[in-house]
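Me: I should like to learn how the features of a structural model are read, one at a time. Please give the general idea where there is one, and then the case at hand.

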Amino acid sequence: AIHTGPGDVYPVIDKLRNDERVLLDSCTRFSRWCHVVQLDGGPSGWAPGSYLVGSGAKNAVTPFEFSFDPMDPLGLFRRR
């Protein structure tokens, strides 16, 4: 299903068919939801990332998540 926003609480506006090709222009953290642009002219919207095939495409538009604080990579200024 394609939703108007990134979550099941948003209304469904369309459904993707099996093997339908789409363009991804952004994803939320961990690629949970991706904004898709339908190449056949259907409405753009948000689809669950787990339903989309192509991890390379999802990785390219998902914000990078550091495993450390880039401003304090050694953890010297961490509050205890």
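Me: In which element is the place of Val-22?

Reply: This is a predicted model. Within the model, Val-22 lies in strand E3.

Me: Is Val-22 buried, partly exposed or exposed?

Reply: A residue counts as buried under 20% relative accessible area and as exposed over 50%, with partly exposed in between. Val-22 has a relative accessible area of 23%, so this residue is partly exposed.

Me: Which residues is Val-22 in contact with, leaving aside its neighbours within four places in sequence?

Reply: Contact here means heavy atoms within 4.5 Å. By that criterion Val-22 is in contact with Leu-16, Val-36, Val-37, Gln-38 and Leu-39. Separation in sequence and distance in space are distinct readings: Val-22 and Leu-52 are 30 residues apart in sequence, and their C-alpha atoms are 9.3 Å apart in space.

Me: How does the reading go for Val-12 in strand E2?

Reply: Strand E2 covers residues 12-14 and includes Val-12. With a relative accessible area of 46%, Val-12 is partly exposed. Not counting residues up to four places away in sequence, Val-12 touches Ala-1, Ile-2 and His-3. Val-12 and Gly-45 are 33 residues apart in sequence, with 8.9 Å from C-alpha to C-alpha.

Me: What pattern does the protein chain follow when read along the sequence?

Reply: The order is β-β-β-β-β-α, made up of five strands and one helix. Of the 80 residues in the chain, 29% count as buried. Among contacts with a separation of 6 or more, 39% are between residues 24 or more positions apart. The accessible surface comes to about 6,100 Å², and carbon and sulfur atoms account for 55% of that surface.

Me: How many disulfides does the structure hold, and which residues are joined?

Reply: The structure holds one disulfide. It joins Cys-27 to Cys-34, with 2.1 Å from S to S.

Me: Why is the disulfide of Cys-27 and Cys-34 described by a hand?

Reply: The hand is read from the torsion about the S-S bond, which is about 100° for Cys-27 and Cys-34, so this disulfide is right-handed. As to accessibility, Cys-27 counts as buried at 6%, and Cys-34 is buried at 0%.

Me: What is to be noted about phi in the loop between E3 and E4?

Reply: Most residues other than glycine have a negative phi. Phe-30, in the loop between E3 and strand E4 (33-38), has a positive phi near 60°. Ser-31 is found in the loop between E3 and E4 as well, and its phi is also positive, at about 55°. The relative accessible area of Ser-31 is 13%, so Ser-31 is buried.

Me: How is empty space found, and what volume has the largest pocket?

Reply: Rolling a probe the size of a water molecule over the atoms shows where empty space is left. Here the largest pocket has a volume of about 370 Å³. It is lined by 15 residues, and those closest to its centre are Leu-16, Glu-20, Tyr-51, Leu-52 and Val-53. Strand E3 (22-27) and strand E5 (45-48) are the elements that give two or more residues to the lining.

Me: How do the residues of that lining divide by character?

Reply: The lining of the largest pocket has ten nonpolar, two polar and three charged residues.

Methods: Residues numbered from 1 in each chain as written. Predicted model: local features only at pLDDT ≥ 70, side-chain atom pairs only at ≥ 80, totals over all residues. Heavy atoms only, no water. 1 Å grid on protein atoms, 1.4 Å probe; cavity = no way out; pocket = protein on both sides within 12 Å on 5 of 7 lines; lining within 4 Å. Points joined across faces, edges and corners; volume = space filled by probe spheres on them. Helix = DSSP H or I, 4+ residues; strand = E, 2+ residues; numbered from the N terminus. Nonpolar A, V, L, I, M, F, W, Y, C, P; charged D, E, K, R; others polar. Buried < 20%, exposed > 50% of the residue type's maximum accessible area, 1.4 Å probe, protein only. Areas by Shrake-Rupley, 256 points an atom, 1.4 Å probe, with all protein chains shown as cover. Disulfide = S-S within 2.5 Å.
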